[in-house]
Protein chains: 2
Amino acid sequence: MDTSAAYSTETERRILQAATDIFLLKGRDGARMQEIADKAGINKAMLHYYFRSKDKLYEQVFIVQLEQFFTGLLDAIPETDDVHAFLEHFIDSYMDSMAANEGLVRFIIWEIQSGAHLMPAFIQTMFSKRGYRKPLFLVKIEQAIDKGQMRNVEPVNFVISLIGLCAYPFIARPVLEKVLGGLSISSAEFLAQRKTEILQLIWNGIRPE
Amino acid sequence: MDTSAAYSTETERRILQAATDIFLLKGRDGARMQEIADKAGINKAMLHYYFRSKDKLYEQVFIVQLEQFFTGLLDAIPETDDVHAFLEHFIDSYMDSMAANEGLVRFIIWEIQSGAHLMPAFIQTMFSKRGYRKPLFLVKIEQAIDKGQMRNVEPVNFVISLIGLCAYPFIARPVLEKVLGGLSISSAEFLAQRKTEILQLIWNGIRPE
DNA sequence: TTTTGGTTTAACCGTATGGTTAAAGTATTT
DNA sequence: AAATACTTTAACCATACGGTTAAACCAAAA
């Protein structure tokens, strides 16, 4: 994953890139400043010179990564009013996004399990950058219910269900791949099958009575 | 959570109990041997005397905890042949179990994200203790499909969906509780609502065509 | 050319940590 | 009671780690 976007000096960029690689692989506690420095090919003191502390460096990496991920996610919410097409498109791009970012998924889950302490700051950053708009997703659901296009589900719970169905295989990836021997969650075959199974389950599950 | 079951000496039991508390709370890397010793009220050297190393101690805690969790889970698979009742019962007991073991969920997720390296050893332990039997869950699904009680879903994917729908709120708990301000995932109200939403979604979703 | 200010390096520091050890304590056996 | 084997303790050890510092380096300003 490329993080070099807007960071001024070459050194700063190399640090952030190396820190990203290491933090995604080993987590906050598992990562070592020396290892990051080595990977960046610079002196360890530079890490502190540019980012002050391990915590601050981690926070930077976290914010950049999460921003990229959520930006991709929000941009993937399609505009169509057709419920089936909407679901199909969302499931498709959300799962592709997770399949392509194994390290990032692990990173986010780690952070969440540690209490998601950086989340509020991140949410604020996102809001200030994109401007607040009422969650498009919930609006779409309410509209679809009003139009009788879907059953009267509880919108928030429905979003949790949809995300859960898509995300769970990636969260549980290491166990699943061990238990289901040989199967690869990111393989084209599994992904395709999973996508259609989710779509069918949801589509039948919300069909108006 | 009580872990004292079959451990011989008082000291051994106290160590394991303290280690469980600390590991569930702070994870493998975050936990300190000294802290565990203090909590157990014994000398740090005892940890190594009885469990050799931090890794070995962690492994013991992990196996005991996971065994308790999965035993509870397997015992919760109801015997009924009625699909709706089966689903209702499973969702109910699975979610109650997760709601009551916040620390354990975090612990398992941590371990999974670290690569689930202890899983194979654990699975072997479980098999040797309970004897191998073909997963009851999959058998039930195949039977229900044969009898025309549910749509022709892909069984493994269906299990992943069901588990994902139940587990996701607990996995994402810290974010959800922050984003949905004030809401408590373990509250009776949310749990009840979530259970019925899952059951409805699944039940409608697998209805034969 | 000298000065200045940012950048980089190697060496160093204090501390926390997992782990060890030798000796003391305690129960059990002979 | 003496010997033996197990248990517990306090002190200690080596190392790894995050972080600091003083000096060197280097480019641009004066």
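1. A quick word on terms before the tour: the domain bounds used here come from an automatic or database domain assignment. For chain A, that assignment gives domain 1, residues 1–62, and domain 2, residues 76–205. Please keep in mind throughout that this is a predicted model.

2. On the fold of chain A, you will find 11 helices and 0 strands, so to speak an α-α-α-α-α-α-α-α-α-α-α pattern when read along the sequence. The C-alpha trace of chain A spans about 65 × 45 × 25 Å along its principal axes. Of its 209 residues, 30% count as buried. Among contacts in chain A with a separation of 6 or more, 59% are between residues 24 or more positions apart.

3. How do the two domains of chain A meet? Their centres, taken over C-alpha atoms, are separated by 29 Å. In the contact between them, 7 residues of domain 1 of chain A pair up with 7 residues of domain 2 of chain A. On the domain 1 side, α1 and α4 (54–75) of chain A are the elements that give two or more residues, and α1(A) gives the most, with 4 residues. By class, that side has 5 nonpolar, 1 polar and 1 charged residues.

4. The contact between the chains deserves a good look. Here 37 residues of chain A are in contact with 37 residues of chain B. On the chain A side, two or more residues come from each of α1 (10–30), α6 (102–113), α7 (119–130), α9 (155–171), α10 (173–179) and α11 (188–205). The largest share, 11 residues, comes from α9(A). This side of chain A divides into 21 nonpolar, 9 polar and 7 charged residues. Note that α1 of chain A appears both here and on the side of domain 1 that touches domain 2 of chain A.

5. Now to the DNA. Around DNA strand C there are 15 residues, of which A:N43, A:A45, B:M33, B:S53 and B:K54 come nearest. Elements of both chains take part: α3 (44–51) of chain A, together with α2 (33–40) and α3 (44–51) of chain B, each supply at least two residues of the surface near this strand. That surface has 6 nonpolar, 6 polar and 3 charged residues.

6. Finally, the core. The largest nonpolar core holds 99 residues, and A:A19 and B:A19 touch the most other members. Which residues does A:A19 contact, leaving aside its neighbours within four places in sequence? They are A:I36, A:L57 and A:V61.

Definitions and conventions:
Residues are numbered from 1 along each chain as its sequence is written. Chains are lettered from A and ligands numbered from 1 in the order in which they are written. This is a predicted model: local features need pLDDT of at least 70, side-chain atom pairs count only at pLDDT 80 or more; totals for chains, interfaces and linings use all residues. Two residues are in contact if their C-beta atoms, placed from the backbone, lie within 7 Å. Ala, Val, Leu, Ile, Met, Phe, Trp, Tyr, Cys and Pro count as nonpolar, Asp, Glu, Lys and Arg as charged, and the others, Gly among them, as polar. A residue is near a molecule or strand if its C-beta atom, placed from the backbone, lies within 6 Å of it. A nonpolar core is a set of buried Ala, Val, Leu, Ile, Met, Phe, Trp, Tyr and Cys residues joined through C-beta atoms within 7 Å. A residue is buried if 20 or more other C-beta atoms lie within 10 Å of its own, exposed if 12 or fewer, and partly exposed in between; C-beta atoms are placed from the backbone.
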